[in-house]
Amino acid sequence: MTGRGKLIAVIGDEDTCTGFLLGGIGELNKNRKPNFLVVEKDTSITEIEETFKSFLARSDIGIILINQFIAEMIRHAIDAHMQSIPAVLEIPSKEHPYDASKDSILRRAKGMFSAEDFR
Amino acid sequence: MTEMRADQHLRLDEQLLLFMDQLEALEEKRQKLNSLIEEGWFSIAKTRYSMGNKQVSALQYASEMEPLVHVEASLLEGGTAEFKCERRKNKTEELKNNTVEDIGAKETGLRRRINTKQKGVKEEEEEETDPQVKTTAESSTPEHREPLKWFGILVPQSLKQAQSAFKEVITLSAEIASLQSEILATRKEMQAQVKEKQEKTEKTQPEIKEE
């Protein structure tokens, strides 16, 4: 199964979004919803979660980049996502450096070792 | 029986080594990604310092954007996803379009001029169509395509540095996404093998007890 020409979505603070949009990933037009969300201080968790779920539901998004502190707010939604596509990548933010122990993917990978310890 | 178990142990060991290698590669790429992102933010901050706070913000985003990077996502046999970054090479395409259209315009212009010696009225229309063709060539590379132009015509070098840093981050993100998918697949396979091994040892243990 191949999917060509998928987009990269980003959910992040202003600087993160500005940076990635500079990189050329942004799509914004009248026909379709944007593939990015700028999270500000007054952005509700519901909005973030809804946007995240809408990105998951879209078939034209391959990777979702999300600041880790935002990912913490919707951790339950990210942990529930088990499919390979779209891939969810947690990235640091200016005020919150990357913490590998909070990353969903690495936590799943770490979980394996606890089972082996019972042998 | 014992040979099968030895094979199983070997496979499990190989899987574990592969898993460790993948984790190490991921860690390395992660560090590079994080440092590149920080570099990008720093460059954006420098741009804000020179251009002003409000000149580099979400307010500057264009009302219409077209993605210049796409990701080719493919699902492989083991359930792993592979991601490859594809960036549109705008400049080379634009040059080709321009040259083709310029030549086209000249040719049609010449052709039409020959015809219009007979029909004098059309000459004026052709002269108008020539610049029109050229303007369409220019507008085929619309400004909203190049994100740098959202922030002004002359942007400081720091903003271009930020852009190149984030472009690299995007390419690296695709690699990390592929690696993460591989790691999860390796982990699943290891879990399955450990379960299989446990089931087999449970079966052989009652046999040993009987003996």
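**Exercise 1. A residue in chain B**

In which helix of chain B does L23(B) lie? Determine also how far L23(B) is covered and what L23(B) touches.

*Solution.* The structure is a predicted model.

Step 1. L23(B) belongs to helix 1 of chain B, which spans residues 2-51.

Step 2. The relative accessibility of L23(B) is 23%. Buried requires a value under 20%, and exposed a value over 50%. L23(B) therefore counts as partly exposed.

Step 3. Leaving aside residues up to four places away in sequence, L23(B) touches L106(A) and I183(B).

Step 4. The separation of L23(B) from E182(B) is 159 residues in sequence, while their C-alpha atoms are 9.9 Å apart in space.

**Exercise 2. A residue in a loop**

State where T80(B) is found, and decide whether T80(B) is buried or exposed.

*Solution.*

Step 1. T80(B) is found in the loop between strand 1 (69-75) and strand 2 (81-87) of chain B.

Step 2. Its relative accessibility is 11%, and the cut-off for buried is under 20%. T80(B) therefore counts as buried.

Step 3. When residues up to four places away in sequence are not counted, the residues touched by T80(B) are S74(B), L75(B), S181(B), E182(B) and A185(B).

**Exercise 3. Chain B as a whole**

Describe the elements of chain B and the confidence with which chain B is predicted.

*Solution.*

Step 1. Chain B contains four helices and two strands. Their order along the sequence is α-β-β-α-α-α.

Step 2. Chain B has 211 residues, of which 35% count as buried.

Step 3. Consider the contacts in chain B between residues at least 6 apart in sequence: 70% of them join residues at least 24 apart.

Step 4. The mean pLDDT of chain B is 77, and 70% of its residues reach 70 or more.

Step 5. Two stretches of chain B stay under a pLDDT of 50: residues 96-107, with seven contacts beyond four places in sequence, and residues 116-141, with 16 such contacts. Where pLDDT is low, the predicted coordinates should not be read in detail.

**Exercise 4. Two paired strands in chain A**

Which way do strand 3 and strand 4 of chain A run, and how many bridges join them? Explain also why strand 4 is described as largely enclosed.

*Solution.*

Step 1. Strand 3 (residues 61-67) and strand 4 of chain A run parallel and are joined by five bridges.

Step 2. Within this pairing, L65(A) stands opposite L89(A), and I66(A) stands opposite E90(A).

Step 3. Strand 3 of chain A is mostly covered, with seven of its seven residues buried.

Step 4. In strand 4 (residues 87-91) of chain A, five of the five residues are buried, so the rest of the structure largely encloses this strand.

Step 5. A87(A), L89(A) and I91(A) point one way from strand 4 of chain A, whereas V88(A) and E90(A) point the other way; all are buried.

**Exercise 5. Helix 1 of chain A and the interface**

Describe how far helix 1 of chain A is covered, and then what this helix gives to the contact with chain B.

*Solution.*

Step 1. Helix 1 of chain A (residues 14-22) is mostly covered, as eight of its nine residues are buried. Among the buried residues are D15(A), C17(A), F20(A) and L22(A).

Step 2. Just after helix 1 of chain A, G24(A) takes a positive phi of about 100 degrees.

Step 3. The contact between the chains takes 50 residues from chain A and 58 residues from chain B. Between them the two chains bury about 4600 Å², 68% of it on carbon and sulfur atoms.

Step 4. Across the interface of chain A and chain B, 14 residue pairs are in polar contact, with both residues at pLDDT 80 or more. The count of salt bridges between the chains is three. In a salt bridge, the side chain of D15(A) meets that of R48(B) at 2.6 Å, N to O.

Step 5. On the side of chain A that touches chain B, the elements giving two or more residues are strand 1 (2-12), helix 1, strand 2 (36-38), strand 3, strand 4 and helix 5 (104-116) of chain A. Helix 1 of chain A supplies the largest share of this side, nine residues.

Step 6. The model scores ipTM 0.89 and pTM 0.78.

Terms used: Residues numbered from 1 in each chain as written. Chains lettered and ligands numbered in written order. Heavy atoms only, no water. Buried < 20%, exposed > 50% of the residue type's maximum accessible area, 1.4 Å probe, protein only. pLDDT = per-residue confidence, 0-100. Contact = heavy atoms within 4.5 Å. Pairing = 2+ DSSP bridges. Buried area = accessible area lost by both parts, 1.4 Å probe. Salt bridge = Lys/Arg side-chain N within 4 Å of Asp/Glu carboxyl O. Polar contact = N/O pair within 3.5 Å; in protein donor to acceptor, adjacent residues only side chain to side chain.
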